Amino acid sequence: MNVSKLEKAYFYNSMQRNLVADISWLIEKLFKEKNRILVFCKDLETVEVIDNFLWAYKEDGFIPHSIETEERSSIYPILITTNIHEDYEHNVLLALSGVLIKEKDWKKFSKAYYFFDDQEIKEKENAREMWKSFSALNIACKYWVNKSNKWVLARSS
């Protein structure tokens, strides 16, 4: 899959939310739409939490996925990792915990979902930097917040 330009970026202020449940629902939805998803985590502990949750997400099934191994295989439709390698062939990026992503890495995806907690200063700063980078290149950005336990669009560019 050769994606030449990031088209859309969705920012989610995940403060006071069950992030793992939210992204599990999103991963399942994106997977059913035939997307290949890379879940980019800040550390191995987060990788393990996401991995365990996806195996037990539903009683009647699971979401097929893998975690990064030394082989760095791109055959998995859903890959959970702490690295973005150029040989991965995923079209959707889910970035968790306000991780800062290098331009050379995010440019290969068609959509990015960026989760951060604006109560965490570094995560909020990183989210602002990512928004500015995307907006400067005319990438459509949307910012979602939680109100009354629902995601509500707060800003769009």
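An angle between helix axes counts as oblique when it falls outside the ranges for roughly parallel (under 35 degrees), roughly antiparallel (over 145) and roughly perpendicular (65 to 115). In this predicted model, helix α1, spanning residues 19–32, and helix α2, spanning residues 44–56, have axes that cross at roughly 60°. The two helices are therefore oblique to each other. Their axes come within 10 Å, and the crossing is right-handed.

On the α1 side, the contact is made by Val 20, Ala 21, Ile 23, Ser 24 and Ile 27. Helix α2 contributes Val 49, Ile 50, Phe 53 and Leu 54. By class, the residues of this contact comprise 8 nonpolar and 1 polar, with no charged residue.

Attention now turns to the pockets. Rolling a probe the size of a water molecule over the atoms shows where empty space is left. The largest pocket holds about 220 Å³ of space. Its lining consists of Phe 11, Phe 116, Asp 118, Lys 124, Ala 127, Arg 128, Trp 131, Lys 132, Tyr 143 and Arg 155. Helix α4, residues 121–136, gives the most to this lining, with 5 residues. The lining of the largest pocket divides into 5 nonpolar and 5 charged residues, with no polar ones.

The second largest pocket has a volume of about 190 Å³. Helix α1, already described through its crossing with α2, supplies the largest share of the lining here, 5 residues. Strand β6 (111–116) also gives two or more residues to this pocket, as does α1. The residues that line the second largest pocket are Tyr 12, Arg 17, Asp 22, Trp 25, Leu 26, Lys 29, Leu 30, Glu 33, Lys 111, Tyr 113, Phe 115 and Trp 151. By class, this lining has 7 nonpolar and 5 charged residues, and no polar residue.

Conventions. Residues are numbered from 1 along each chain as its sequence is written. This is a predicted model: local features need pLDDT of at least 70, side-chain atom pairs count only at pLDDT 80 or more; totals for chains, interfaces and linings use all residues. Side-chain values use heavy atoms; hydrogens and water are left out. Axes are lines fitted to C-alpha atoms, for helices over the stretch in contact, and angles run from 0 to 180 degrees between N-to-C directions. Helices (H or I, at least four residues) and strands (E, at least two) are DSSP runs, numbered from the N terminus. A crossing is left-handed if the near helix is turned anticlockwise from the far one by less than a right angle, and right-handed if clockwise. Contact means heavy atoms within 4.5 Å. Ala, Val, Leu, Ile, Met, Phe, Trp, Tyr, Cys and Pro count as nonpolar, Asp, Glu, Lys and Arg as charged, and the others, Gly among them, as polar. On a 1 Å grid over the protein atoms alone, a cavity is a set of points where a 1.4 Å probe fits but cannot get out, and a pocket is an open set with protein on both sides within 12 Å along at least five of seven lines; lining residues have an atom within 4 Å of a point. Grid points are joined across faces, edges and corners, and a volume is the space filled by probe spheres set on the points.
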